[in-house]
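User: Could you walk me through how to read some features of a protein model? I'd like to begin with the way chains meet.

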Amino acid sequence: MRPMSTGTYTQLLDLACGAFLLAAVVVLWRRELVAIVRTFALQGIALAAIPLLIGLHEQRWGLIAVATGIGALRAGLLPYLMRRALAALTPSGGEEHHYEEDVSEARETQPLVNVAASLLTAAALTLLAYAVARPLVALNPGPAARALPVGLAVVLIGLFVLATRRRALAQVVGFLLLDNGITATAFLAASGVPLIVELGVSFDVLLAVLVLQILTTRMRTAFGTTDIDDLRELHD
Amino acid sequence: MNVIGPALGAASALAGAGVAAGMLVPAWGRSAAVGACTAGTGGAGLVAGVAALGGARWSIGLPGLLPLAGVRLAVDPLSGLFMAVAGAVAAAVAVYGIGYTGRGAHGASSRGAQAVLPLFALTLVLVPAAASVSTFLVLWEVMALASLLLVLSEHRERAEVRRAGLWYAVMTHLGLVLLLAGLALFAARAGGQSFAALRAGAAGMSAWIRAVVFVTVAAGFASKAGGVPLHAWLPRAHPEAPSHVSALMSAAMVNLGIYGIVRVGFDLLGGGPMWWWLGLIAVGAVSAVYGILQAAMASDLKRLLAYSTSENMGLVLVGVGAAGLFAASGNGPLAALALVAALLHMINHAAFKALLFCAAGSVLRATGLRDLDRLGGLRQRMPVTAGLFALGALGAVALPPGNGFISEWLLLQSLIHGLVVPGVATAIVLPLAVAVIALSAGLAAAVFVKALGVGFSARPRSKQAERAAESPPAMLAGMGLLAACCAGLALVPGVLGSGLDRAASAAGLTGAKALSGGGLQVRLQQVPASLAPLWVVIALTAALAVAAGLPRLIGRRRRRRKNARLWDCGGGAPTPRMAYTATSFAEPLQRVFDDVLAPEQDVNVTPVRESAYLVERVRYQRRVPDRIEHRLYEPMLAALARLGGAARRLAGGSVHLYLGYGFFGLVALLLVLAVGW
């Protein structure tokens, strides 16, 4: 196989990174948990595209295999698990009931920071990521390293989602955004970590999601809601 | 041939055997096995120390023993002195401990407490041998933890033990933090953490770094030595520990605080400006007076002895401070004399305080009481213990022919002759220090008259005291060894002369020759003074014999003696409740020092019902709280508790809040980084 030209590689990589960042912002914008999970799956595809492109450009087959694995996990398995959890929480199907107010578990009805402010914050966080990553980019100015701030921005947005969203499932997505961001940063900065570390991290994430899925169901049975602010009762 | 290495090896092996014996031997033979091993450890330490005092030096580096830093040991005469004292005390107290812990299976004779004892004895011997900061701190911490476990060994029996253990743990770790900070700064600035590197690097450090190092390290060591205001653990931990442990702590462990100050201040830092030493003298003087005043008010026998430890360590600190002061003003020989006096007082204190704590332990074991107000009449029931306690008390009151007298006399000599040193500070401080020593000696006399007279003479004031019986032979043997040390120190202190000189010159102060003259005489080379303790003792004994015997001789010739009942003012036979108690004996002193002690009095009058004139009950309560604790520690603890309560509000239970902390922390950090670039 002929390596793709540098121009095409750069454009495709930038496209993937742009989609990756956009997906994170869309997660902040949407309230429907179903839509959030769908966006997360799309982000998984964009994330898988990054090592794929790097692998094709640098002719590293191992990286392409990793890309396939990441795509299967982040765009396939994890969204599937979350959709199942969502279906368990809303037995009659979330879509038909979205006009009922507040009782629906399928909507992020009252985030601690409203959507408009969230989007502005995301912009500010992206700027911060670009500012912070400047010295890192200066170390090795190539197309991959120039896209590095995107990974950091997604890390920050993931943390922001964790800190401001009420529904347990939205929290899970926040955590996974954080992890996607870390993975993307690793690929963009160092063309990926050793395979064994990547495997370990992926397994870890899978376990975390499984545990969180169980916890979410338990929370629902214990408190009747998955608003994690109700966990405060455990403190008192 | 150098015996230090083999002796220290033997001490370690014996301590290891003792730990194993404490773990494995069943209850009937446990204390004997552990006691024998601990005594062996102490004996080996004594041998090593004496060899080092004789001028031998020894050092070893064991890089594989501790990860990263390794272990480095070195013994010079200064460490030898402290090793010898710790070893001798540990050996005698271990023999005593065999009888004290007996064959029980709980408390002080439990598996854990017995297994820790040899380890504690070993660390007491090894701490002075440490020759690098890491080795020193590790040994120091093992010593603190071992003593903490020993203090806690009776925690099932009494709740106060747990509270005392908590105080001790917190105070000793505060001290450790100070030492860690000071020594780490020292090592970082000196460019190496072995003592040799510190010694070499100290001269090149800036004055204020040296000052910071000295002040933090001295504060840490002073807290171990019971210096006011960091003494708060001492009157709590010493009474609640089993008595043989109290003896070890009070006679051997607190000394290591003095060792640290001498080692760091004189040897490693090579002396310093006057204000360091004036501060040390001030701390010592306050400790001496405050300690002995609190001892005068205490009616708990072991608490009294603990406060007396604070007093004696205060006197030693005064001596060390005076030595530094003289050295700073260039008067080397006088500095050496003051240091020798301080070290000799520390040795004397170790001997008599170990004996006193052991005797107090015998009383506690025989009666179950520490409260002097409820003791009494023990002289007839426990004659040997009473005699040994009297011997120890004689040493503690600093009057001839006790052993404490000689060192305090030396200390006074050095302070009085120190007035030749020019300067306003010395002209004010030295006379004040002399007055402090005199005052504390006077109060000590009252304290020990109280302890001996109220505790051992008169009639028993409780059933327990009435039923007391003499202690088993192992305890008497241990106390006998300590008593022999006291007597030896009182009669022939001159034998220590050359050893003490070597220790002082190892600390960098040469040319004292303070105690010379073939052992029988103490002659000072620098100042025209000499003392022959043996002759003092003989003269005093003769005078006493004459004073006691002459009236009897004359009286016998005049008329025969008749035994008659005591005149009781017609109020019936006097009961033991009418006799002087410790509290009533101390009452006049309390009135004199009312402003310092600030006692709390409470009178509760309960009238008979429906009558304002007939009184059913009058309840009088008086407490003499430790005022420094009251004014310094309690507000501080309350403030800390408030702070902790306020900090709980940070943890409100909301997961979002916790996640928000992480988020804002990260963003703030990144912002700082972004702006910084």
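User: How many residues does the contact take from chain A and from chain B?

Analyst: Happy to help! Keep in mind that this is a predicted model. Chain A brings 21 residues to the contact, and chain B brings 16 residues.

User: What area is buried between chain A and chain B?

Analyst: The general idea first: an interface's size is often quoted as the accessible area lost when the parts come together. Here about 1,600 Å² is buried between chain A and chain B, with carbon and sulfur atoms giving 76% of that area.

User: How many salt bridges does the rule find across the interface of chain A and chain B?

Analyst: The rule finds zero salt bridges across this interface.

User: Let's turn to the surface. Which residues form the nonpolar patch?

Analyst: A nonpolar patch joins nonpolar side chains within 5 Å, from residues with over 30% relative accessible area. In this model the patch consists of B:Val603, B:Val605, B:Val615, B:Val618 and B:Tyr620, which together have about 480 Å² of accessible area. Strands β5 (600-607) and β6 (615-623) of chain B each supply at least two of its residues, and β6(B) gives the most, with three.

User: Why is B:Val615 called partly exposed?

Analyst: Partly exposed lies between the cut-offs of 20% and 50%. B:Val615, which sits in strand β6 of chain B, is called partly exposed because its relative accessible area is 45%.

User: And what do the buried residues of α1(A) pack against?

Analyst: Those residues, including A:Tyr9, A:Phe20 and A:Leu28, pack against α2 (33-58), α4 (115-139), α5 (143-146), α6 (148-164) and α7 (168-190) of chain A.

Conventions: Residues are numbered from 1 along each chain as its sequence is written. Chains are lettered from A and ligands numbered from 1 in the order in which they are written. This is a predicted model: local features need pLDDT of at least 70, side-chain atom pairs count only at pLDDT 80 or more; totals for chains, interfaces and linings use all residues. Side-chain values use heavy atoms; hydrogens and water are left out. Patches are made of residues with over 30% relative accessible area and no salt bridge: like charges are joined within 9 Å, nonpolar side chains (Val, Leu, Ile, Met, Phe, Trp, Tyr) within 5 Å. Accessible areas come from the Shrake-Rupley method with a 1.4 Å probe; for residues, only the protein chains shown count as cover. A salt bridge is a side-chain nitrogen of Lys or Arg within 4 Å of a carboxyl oxygen of Asp or Glu. Helices (H or I, at least four residues) and strands (E, at least two) are DSSP runs, numbered from the N terminus. Buried means under 20% relative accessible area, exposed over 50%, partly exposed in between (1.4 Å probe, protein chains only). Contact means heavy atoms within 4.5 Å. Buried area is the accessible area (1.4 Å probe) that two parts lose on being put together, summed over both.
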